[in-house]
Amino acid sequence: RITLLRNVVFDLRSIINLNPYSLKKDEKNALYNEAVNDLTTFHYENCLKYKKILDLLGFNPKHKKCITDIPFLPIRIFKNYNLLSIEKSKIIKTMSSSGTSGQNVSKIFLDKVNAINQTKVLKNIVTDFLGNKRLPMIVIDTDSVIRNRNQFSARGAGILGFSIFGKEIIYVLDDKMNLDINALITFCKKYENQQIFLFGFTSIIWDYFYEPLISSGVKIKIKNAIIVHGGGWKKLFEKEIDNNTFKNKMKNICGIQNVFNYYGMVEQTGSIFMECEAGFLHCSNYSDVIMRRDDFSICDYKEAGIIQLISLLPVSYPGHNLLTEDVGEIIGEDNCSCGRLGKYFIVHGRVKNAELREYAIKNTSVIPN
């Protein structure tokens with residue numbers, strides 16, 4: 001088990017210093033078919049609940065399979081079970097997904113290796129968009145979400161992760177989610193001749209930044225700025241606000257030209273999918289994506305399907321191969337106009353039927369407590 005774990009980590013180390021979008025299709029397929037099989041075997045041997053699922057499905061990890069034939073976990077399984085591939089004493093951080101009152105939330109347990117790798121990978125990915133220089137940073141949120149450093153929500157994890165790209169960071173929302181417009185104006189004036197980095201979650205930016213600015217009649221001119229945002233799209237889709245509308249509204253209220261969405265989730269923190277200049281989400285060297293039809297067969301390119309996410313990062317828990325509850329479509333691979341290699345795709349929204357829930361119930365009902 002120790003040898004296997006070291007081999008998995010070595011695979012990541014072998015690509016950690018490369019440009020994060022540098023692996024061509026054949027190179028990446030070879031790496032992933034080896035690494036994902038190794039990760040599957042490791043989690044099978046070290047997580048009883050994961051072993052129970054694979055045994056139920058009749059999958060033998062000793063026989064290496066094509067990556068598309070390795071069983072995935074439904075992402076909602078983390079809402080109902082604590083899945084660990086390490087000893088509890090090795091846990092240094094617990095992260096939880098966002099959820100409304102009364103809902104179960106996913107809990108993800110990290111050891112030191114996993115936590116370090118997540119930070120390294122996130123830095124490599126985002127640096128490709130922001131550059132190496134740390135920027136004056138505005139967090140469109142309240143600092144209360146990061147006060148507990150040992151247990152993070154998805155919001156807290158995102159803020160802390162992206163904060164490594166900022167300097168003189170300010171939070172412009174108070175604990176009651178009220179926008180401090182005066183602090184915002186003062187900060188923007190101080191750095192009016194520099195590039196400013198703004199970060200926040202999409203629905204929070206809309207509800208507590210954009211709409212208060214509209215109501216106040218105040219326009220903040222920070223044309224030379226970058227907004228990176230993600231999450232919370234469900235609420236905006238309900239308001240019929242899509243990605244292009246969001247970008248245009250940010251340009252109108254702040255003059256910002258560079259607005260980048262990202263796609264990711266707490267179950268695979270670190271290996272996020274950034275939106276490029278052409279408007280597509282990109283797989284990096286550290287992650288991959290597959291689209292599946294309702295019968296779980298593989299979609300063709302430019303065919304909408306359920307998003308399956310692959311990541312090389314999860315070692316402390318079996319989160320390397322997950323089926324989400326989102327719908328998307330792969331547009332192409334290695335040929336995006338932005339110049340980055342890898343698959344690029346778009347997300348359409350959430351699955352509108354109960355098939356994933358039925359699949360999750362069917363395949364996890366016999367998991368031991």
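**Exercise 1. Cysteine 188**

Task: Classify cysteine 188 as buried, partly exposed or exposed, and state its disulfide status.

Solution. Step 1: A residue is buried under 20% relative accessible area, exposed over 50%, and partly exposed in between, using a 1.4 Å probe and protein chains only. Cysteine 188 has a relative accessible area of 6%, so this residue is buried.

Step 2: The model is predicted, so local features need pLDDT of at least 70 and side-chain atom pairs count only at pLDDT 80 or more, while totals for chains, interfaces and linings use all residues. Residues are numbered from 1 along each chain as its sequence is written, and side-chain values use heavy atoms, with hydrogens and water left out.

Step 3: A disulfide is a covalent bond between the sulfur atoms of two cysteines. The test applied here is a pair of cysteine sulfur atoms within 2.5 Å. A search of the whole structure gives zero disulfides. For cysteine 188, the nearest cysteine sulfur belongs to cysteine 254 and is 7.5 Å away, and cysteine 188 is in no disulfide.

Step 4: Cysteine 66 is partly exposed, at a relative accessible area of 37%.

**Exercise 2. The chain as a whole**

Task: State how many helices and strands the protein chain has, and what share of its residues is buried.

Solution. Step 1: Helices (H or I, at least four residues) and strands (E, at least two) are DSSP runs, numbered from the N terminus. The protein chain has 11 helices and 15 strands.

Step 2: Of the 369 residues in the protein chain, 55% are buried.

Step 3: Contact means heavy atoms within 4.5 Å. Take the contacts in the protein chain between residues at least 6 apart in sequence: 72% of them join residues at least 24 apart.

**Exercise 3. Helices H2 and H3**

Task: Describe how helix H2 (residues 25-46) packs with helix H3 (residues 48-56).

Solution. Step 1: Axes are lines fitted to C-alpha atoms, for helices over the stretch in contact, and angles run from 0 to 180 degrees between N-to-C directions. The axes of H2 and H3 are 6 Å apart, at an angle of about 115 degrees.

Step 2: Angles under 35 degrees count as roughly parallel, over 145 as roughly antiparallel, 65 to 115 as roughly perpendicular and the rest as oblique. H2 and H3 are therefore roughly perpendicular to each other.

Step 3: H2 contributes Thr40, His43, Tyr44 and Asn46, which meet Leu48, Tyr50, Lys51, Leu54 and Asp55 in H3. These residues divide into four nonpolar, three polar and two charged. In this count Ala, Val, Leu, Ile, Met, Phe, Trp, Tyr, Cys and Pro are nonpolar, Asp, Glu, Lys and Arg are charged, and the others, Gly among them, are polar.

**Exercise 4. Helices H8 and H10**

Task: Repeat the description for helix H8 (residues 202-216) and helix H10 (residues 243-254).

Solution. Step 1: The axes of H8 and H10 are 11 Å apart and make an angle of about 35 degrees.

Step 2: H8 passes H10 in a left-handed crossing. A crossing is left-handed if the near helix is turned anticlockwise from the far one by less than a right angle, and right-handed if clockwise.

Step 3: Thr202, Ile205, Trp206, Phe209, Tyr210, Leu213 and Ile214 in H8 meet Phe246, Lys249, Met250, Ile253 and Cys254 in H10. The residues of this contact divide into 10 nonpolar, one polar and one charged.

**Exercise 5. Positive phi**

Task: Locate glutamate 240 and lysine 302, and give the phi of glutamate 240 and of lysine 302.

Solution. Step 1: Glutamate 240 lies in the loop between helix H9 (233-238) and H10. Glutamate 240 is not a glycine, yet has a positive phi of about 60 degrees. With a relative accessible area of 72%, glutamate 240 is exposed.

Step 2: Lysine 302 is in the loop between S12 and strand S13 (305-311). Its phi is near 65 degrees, again positive in a residue other than glycine. Lysine 302 is exposed, at 60% relative accessibility.

**Exercise 6. Serine 287**

Task: Place serine 287 in the secondary structure and list the residues that serine 287 touches.

Solution. Step 1: Serine 287 is in strand S12 (residues 287-292).

Step 2: The relative accessible area of serine 287 is 0%, so serine 287 is buried.

Step 3: Leaving out residues up to four places away in sequence, serine 287 touches Lys28, Tyr32, Ser271, Phe273, Ile310 and Ser311.
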